[in-house]
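The following exercises are to be worked through with the sequence and the coordinates at hand. Each task is followed by a solution in steps.

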Amino acid sequence: MDHSTEKILGEQLLKVVTIAEKEVDRQIEKYDNLDENDLEAIRKKRLQELKKKQLQKQANFFEWLKNGHGAYEEILDERNFFDVVKKSAKVVCHFYLPTTERCKIFNKHLEKIAAKHLETRFIYANAEKFPFVTTRLKIRVIPTIVVVINSNTVDYLRGFDDLGGKDEFRTETLEWRLSWSKVLEYNGPSYLRGSGTTVAKLVKGIREKVRGNEADGDSDDNSDD
């Protein structure tokens, strides 16, 4: 890593830490100024919110099961794909090829995740049998996982790059990565919980700034000619 990249990384990390510290200070100040009545009101409101959320989950439960949630199921044609994304608000679809070993690794982990997250429909499809869908979604790498929310494609996992680039990774790591797009609620190890958005923005910011520096360098070189 060269000096300019290290500097950019340091600046980005400082921004993340500063924002986090300000938010903590704001929360502390907020609760320091509350009396017992205020705290009791907050407690009652929170209990009501949790109860409402639980009732909503119960109402959705049978609908989810009817639509195939809770299982990891292969779909066989493109019409089936569009039916799934129409019926289910949250869908994770793995496009695979039978001859690709890494697809089998994804299958193993996704089957476990599907059983835990009834709120999301998990499916997989042979990319060779879905020419229209794969072209429309610009799928060029196998395996690719596509995240669809409310019939809109919101996220992609292409290969294992976001999982460390190696074949050996924990199911919780894939579960955490999928949670970045809010397609599922992640409740795994605390060292991963809640950090996805920050990490994604940090990496994106660094890449953009590095590209900008490289472009500036190219311009300077060209101006000397």
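**Exercise 1. A surface patch**

Which residues form a nonpolar patch on the surface, and what accessible area do they have together?

Solution. The model is a predicted one. The patch consists of Phe61, Phe62 and Leu65, whose accessible area together is about 310 Å². To place one of these residues, note that Leu65 belongs to helix H2, which spans residues 36-66. Its relative accessibility is 41%. Because buried means under 20% and exposed over 50%, Leu65 is classed as partly exposed.

**Exercise 2. A strand pair**

Describe how strands E4 and E5 are joined, and identify the residue with a positive phi in their hairpin.

Solution. Begin with the pairing: E4 (residues 144-149) and E5 (residues 152-158) run antiparallel and are joined by six bridges. Next, take a residue pair across the strands: Thr153 in E5 stands opposite Val148. Finally, turn to the connection, where two residues lie between the strands. Asn150 adopts a positive phi there, near 50 degrees.

**Exercise 3. Salt bridges between helix H4 and later parts of the chain**

Determine the salt-bridge partners of Arg102 and Lys116, and classify each residue as buried, partly exposed or exposed.

Solution. The count of salt bridges in the model comes to eight. One of them joins the side chains of Arg102 and Asp167, with an N to O distance of 2.6 Å. Arg102 is in helix H4 (residues 101-116), whereas Asp167 is in the loop between E5 and helix H6 (171-178); this pair links distant parts of the chain, 65 residues apart. Arg102 is partly exposed at 29% relative accessible area, and Asp167 is likewise partly exposed at 34%.

Lys116 meets Glu175 in a salt bridge of 3.1 Å, N to O. Since Lys116 lies in helix H4 and Glu175 in helix H6, the pair ties together parts 59 residues apart in sequence. Lys116 is exposed, with a relative accessible area of 54%, but Glu175 is buried, at 2%.

**Exercise 4. A salt-bridge network**

Which residues are linked with Asp162 in a network of salt bridges?

Solution. Start from the pair Asp162 and Arg177, whose side chains meet at 2.9 Å, N to O. Asp162 lies in the loop between E5 and H6 and Arg177 in helix H6, so this salt bridge ties together parts 15 residues apart in sequence. Asp162 is partly exposed, with 37% relative accessibility, while Arg177 is buried, at 4% relative accessible area. Adding Asp155 completes the answer: Asp155, Asp162 and Arg177 are linked in the network.

How values were computed. Residues numbered from 1 in each chain as written. Predicted model: local features only at pLDDT ≥ 70, side-chain atom pairs only at ≥ 80, totals over all residues. Heavy atoms only, no water. Pairing = 2+ DSSP bridges. Helix = DSSP H or I, 4+ residues; strand = E, 2+ residues; numbered from the N terminus. Patch = residues over 30% accessible without salt bridge, like charges linked within 9 Å, V, L, I, M, F, W, Y side chains within 5 Å. Areas by Shrake-Rupley, 256 points an atom, 1.4 Å probe, with all protein chains shown as cover. Salt bridge = Lys/Arg side-chain N within 4 Å of Asp/Glu carboxyl O. Buried < 20%, exposed > 50% of the residue type's maximum accessible area, 1.4 Å probe, protein only.
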